[in-house]
Amino acid sequence: MRKYLEGYEQRRVESMFGETEAMVMVIRYEITGFDDNEVRQSIDDIAMLLSSPFIYEHTCYHDEDPHRPCEMKLVLQG
C-alpha cells in the first residue's frame, strides 16, 4: 500500500499561440513512515503547508492487488 497527499491547483499559462489557458496541476507527495501514526502525522503536517484549495489523501493498493481501486479521501478544504 502506498499513501500520497494530492493537491490540485489551477494556473493560467500562455499557450504556443499566445492565448492564455487555464490548466489544472496535480501536486503529489508520497508519504512514508514506520507506522500508521507517523504517516498520519506527516499527512496532517504537509496538508497545512500546501496552498491548494483541496487536499486529498490517496491510498493506492496496486502493489498488493492490481485490481483493487485506489481510495481518495478529502483531508483539507480551504
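In this predicted model, Q10 has V24 in β2 as its bridge partner. That pair belongs to the pairing of β1 with β2, two strands that run antiparallel and are joined by 12 bridges.

Let me stay with these two strands for a moment. The hairpin they form has five residues between the strands. One of the residues to note in this hairpin is G18, which takes a positive phi near 85 degrees.

I turn now to the other pairing of β1. Which strand do six bridges join to β1? That strand is β3, residues 54–60, and here too the two run antiparallel. Within this pairing, Y4 stands opposite H58 in β3.

My second topic is the largest pocket. Its volume is about 170 Å³. Three elements give two or more residues each to the lining: β1, spanning 2–14, β2, spanning 20–31, and α1, spanning 36–49. Which element supplies the largest share of that lining? The answer is α1, with three residues.

As for the individual residues, the lining of the largest pocket begins at the start of the numbering with M1, R2 and K3. It continues with E30, I31, T32 and G33, then D35, D36, V39 and R40, and finally E57.

How do the lining residues divide into nonpolar, polar and charged? Seven are charged, three are nonpolar and two are polar.

To close, let me bring the two topics together. The strands β1 and β2, joined to each other by 12 bridges, both appear among the elements that give two or more residues to the lining of the largest pocket.

Technical notes. Residues are numbered from 1 along each chain as its sequence is written. This is a predicted model: local features need pLDDT of at least 70, side-chain atom pairs count only at pLDDT 80 or more; totals for chains, interfaces and linings use all residues. Side-chain values use heavy atoms; hydrogens and water are left out. On a 1 Å grid over the protein atoms alone, a cavity is a set of points where a 1.4 Å probe fits but cannot get out, and a pocket is an open set with protein on both sides within 12 Å along at least five of seven lines; lining residues have an atom within 4 Å of a point. Grid points are joined across faces, edges and corners, and a volume is the space filled by probe spheres set on the points. Helices (H or I, at least four residues) and strands (E, at least two) are DSSP runs, numbered from the N terminus. Ala, Val, Leu, Ile, Met, Phe, Trp, Tyr, Cys and Pro count as nonpolar, Asp, Glu, Lys and Arg as charged, and the others, Gly among them, as polar. Two strands pair if DSSP finds at least two bridges between them.
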